[in-house]
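I opened the notebook to record what I looked up in this structure. The entries follow the order in which I looked.

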Amino acid sequence: MSTFWHILIWACVIWYSTITIYVAVRGAFDIRSMLGRLRDGENKREEES
Amino acid sequence: MSHFSWLVDGSIVGLYLLGTMVAGLWVRKYVHRVEDFLVAGREMNLYLGIASLAATEFGIITCMYTAQAGYTQGFAGATPGLCQAAAMFVIGVTGFCVKPLRASGAMTLPELFEKRFGQRIRWLSGVVIVLGGLLNMGVFLKIGGDFLCAVCGFDPAYLTLMMGALLLMVCIYTIMGGMLSVLVTDFLQFVVMSVGLLVVTVMILWQVGWDRLVDAVQVHHGEGGFNPLANPTMGWSFLIFQILGNTAATLTWQTTIARLLSAKDAETGQRIYSRTSFFFVCRWMIPGLWGIAALAMLPAGAVGGDTLAAMPKFLSTFLPIGLMGLLVAAMLAADMSTDSSYMLSWGSVIYNDILAPFRKSKWTDRRAIRWNRCIVALIGVYLFVFGLLYKIEGNIWSYLLLTGSIYLSSMSVLLVSCCYWKRANNWGAMGAILLGAVVPMLHLTLEKIPSTAEWAASIGKDVPGIAAFVAAALGMIVGSLIKPKETSAP
């Protein structure tokens with residue numbers, strides 16, 4: 001049974017390290033595009049009003 | 001004696017706090033409408049969603065109770081994480097309930113329920129969600145303060161001051177920027193928290209060693225430390241409650257579904273669920289390993305009865321200067337992201353659902369945002385007061401799951417019925433809400449009455465938790481079936 005937990009802890013360390021790097025990079029782009037869309041939406045509403 | 005150095009570790013922590021506050025306050029200029037404040041204008045993309053969900057669902061409280069589970073139950077203590085990961089993956093892949101929920105365009109669960117069960121059920125659902133959520137969240141701040149005092153070696157007399165300072169910082173950026181500030185700070189906090197968690201874990205595996213960890217579990221817990229069904233403190237009732245509770249939390253926990261509802265579409269929401277699912281295994285395994293390391297390394301009698309303090313006590317002398325700063329920054333990041341999201345989530349239900357009947361006409365965005373800010377501030381005051389007054393007893397995770405069951409049981413039954421059972425109606429919804437809330441609240445009350453405390457403790461928290469789900473389901477079925485069918489006008 002300890003082998004199962006040994007594999008699981010290393011799977012956690014490897015998966016989490018990979019996800020951290022990947023999400024750190026892609027998430028930064030997501031923030032930029034989200035703020036861009038919010039700014040554009042607000043400009044559009046101001047123009048319409 | 002703690003290894004925390006004010007010069008080196010304090011500088012790392014200060015730098016992190018400064019970065020978070022600047023980022024949190026900077027995005028407030030993008031908040032123009034109440035939708036921007038509550039659900040980030042529904043513009044959140046996949047990776048930001050993953051970072052935010054992971055950061056929100058991991059606070060100091062999480063680290064403390066999962067480490068406590070590791071210390072007191074060994075590797076088997078991580079079982080709830082496996083249950084939650086499985087639930088999240090299956091729901092994310094199939095879209096069970098979450099697909100129709102996101103497609104409805106609702107900002108909260110009660111808003112969806114109003115369409116099916118009427119305005120009264122929406123209001124009552126809001127009350128139950130807020131009651132369960134705030135009771136659950138009430139202990140976060142104190143546990144966070146306890147951890148920081150233990151790890152940094154501060155005098156516990158400064159606990160109130162630390163709790164207040166931590167809360168004030170979180171309140172400032174959450175009140176100013178709402179969900180937008182929460183998302184951006186969550187992202188930073190995810191990165192800091194993850195680096196801290198990984199570095200400490202690798203260091204434990206490297207310096208303590210796997211064999212010593214396994215030996216400690218074998219000596220203290222035997223087979224029950226590896227297999228939950230062989231553990232006398234767990235067993236089948238524990239497992240069933242974990243499966244029910246974690247599935248319900250995935251479907252209805254306001255902070256979790258807030259990410260689904262902030263996603264730009266249902267498909268993105270589902271992908272956030274399925275791709276974040278394995279994080280919930282890490283969420284239990286990583287701090288659980290820290291708890292097991294405390295079991296292996298601390299001398300007998302160092303912990304006494306306070307198993308919650310074992311992990312911070314171990315880390316305070318295990319980590320060198322520099323890494324202590326990284327650990328404290330990581331834990332502050334974890335705690336701040338959780339507190340801010342939770343305050344905003346419960347606040348959104350108070351504004352959107354509990355106050356809904358009092359808004360006779362549509363409020364302007366400015367007025368709505370002002371109200372939301374006041375609600376978040378009031379939740380902050382409640383957290384501070386509750387954290388000082390309430391004394392938590394026994395296993396923290398069991399307390400959290402039981403207080404969560406006050407609404408998890410009924411809301412999950414309502415959600416499933418709302419999406420998939422045509423005969424479900426407002427009588428059934430009312431029955432589910434009342435019966436689902438009564439059982440856990442009764443148990444929590446009996447625990448506090450001296451004459452019944454021993455009896456309540458002997459039952460444990462798993463059976464009342466399962467009973468809450470059964471009662472809520474029965475309430476829905478019986479209530480819906482006994483309501484006379486409405487006859488259409490000739």
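**Entry 1: chain A.** I started with chain A, which has one helix and zero strands. The model is a predicted one, and I kept that in mind throughout. Along its principal axes, the C-alpha trace of chain A spans about 65 × 15 × 5 Å. I then looked up burial and found that 24% of the 49 residues of chain A count as buried.

**Entry 2: chain B as a whole.** I counted the secondary structure of chain B next: 22 helices and zero strands. Its C-alpha atoms fill a box of roughly 80 × 50 × 45 Å along the principal axes. What radius of gyration does chain B have, and what would a compact globule have? Chain B has 22 Å, and a compact globule of 490 residues would have a value near 23 Å, so the two agree. Of the 490 residues, 58% count as buried. I also checked how far apart in sequence the contacting residues are. Among contacts in chain B with a separation of 6 or more, 86% are between residues 24 or more positions apart.

**Entry 3: where the chains touch.** I looked up the contact between the two chains. On one side are 26 residues of chain A, and on the other 33 residues of chain B. The chain A side divides into 14 nonpolar, seven polar and five charged residues.

**Entry 4: helix α9 of chain B and two partners.** I picked α9(B), residues 140-152, and looked at its packing against α10(B), residues 159-207. Two packed helices are described by the angle between their axes and the distance between the axes. For this pair I noted an angle of about 115° and axes 9 Å apart. The crossing of α9(B) and α10(B) is right-handed. On the α9(B) side the contact includes B:L141, B:L148 and B:C149, and on the α10(B) side it includes B:L159, B:M162 and B:L166. The residues of this contact are eight nonpolar, two polar and two charged.

The other partner I looked up was α4(B), residues 60-73, whose axis comes within 8 Å of that of α9(B) and crosses it at roughly 75°. I therefore wrote down α4(B) and α9(B) as roughly perpendicular to each other. Here B:I60, B:I61 and B:M64 in α4(B) meet B:F140, B:I143, B:G144 and B:F147 in α9(B). This contact has six nonpolar residues, one polar and no charged.

**Entry 5: helix α7 of chain B.** Which residues of α7(B), residues 109-117, are buried? I found B:L109, B:P110, B:E111, B:L112, B:F113 and B:F117. Just after α7(B), B:G118 takes a positive phi of about 100°.

**Entry 6: B:C97.** Most residues other than glycine have a negative phi. B:C97 is not a glycine, yet it has a positive phi of about 70°. I located B:C97 in the loop between α5 (79-94) and α6 (98-103) of chain B. B:C97 has 19 C-beta neighbours inside 10 Å, so it counts as partly exposed; the cut-off for buried is 20 or more.

**Entry 7: B:G14.** B:G14 sits in helix α1 of chain B, residues 8-26. Why does B:G14 count as partly exposed? Because it has 13 C-beta neighbours inside 10 Å, and 12 or fewer would make a residue exposed. Last, I looked up a distance: the C-alpha atoms of B:G14 and B:A456 are 45 Å apart, with the two positions 442 residues apart along the chain.

Notes. Residues numbered from 1 in each chain as written. Chains lettered and ligands numbered in written order. Predicted model: local features only at pLDDT ≥ 70, side-chain atom pairs only at ≥ 80, totals over all residues. Axes fitted to C-alpha atoms, helices over the stretch in contact; angles between N-to-C directions. Helix = DSSP H or I, 4+ residues; strand = E, 2+ residues; numbered from the N terminus. Left-handed = near helix turned anticlockwise from the far one by under 90°. Contact = placed C-beta atoms within 7 Å. Nonpolar A, V, L, I, M, F, W, Y, C, P; charged D, E, K, R; others polar. Rg over C-alpha atoms; globule rule 2.2 N^0.38 Å. Parallel < 35°, antiparallel > 145°, perpendicular 65-115°, else oblique.
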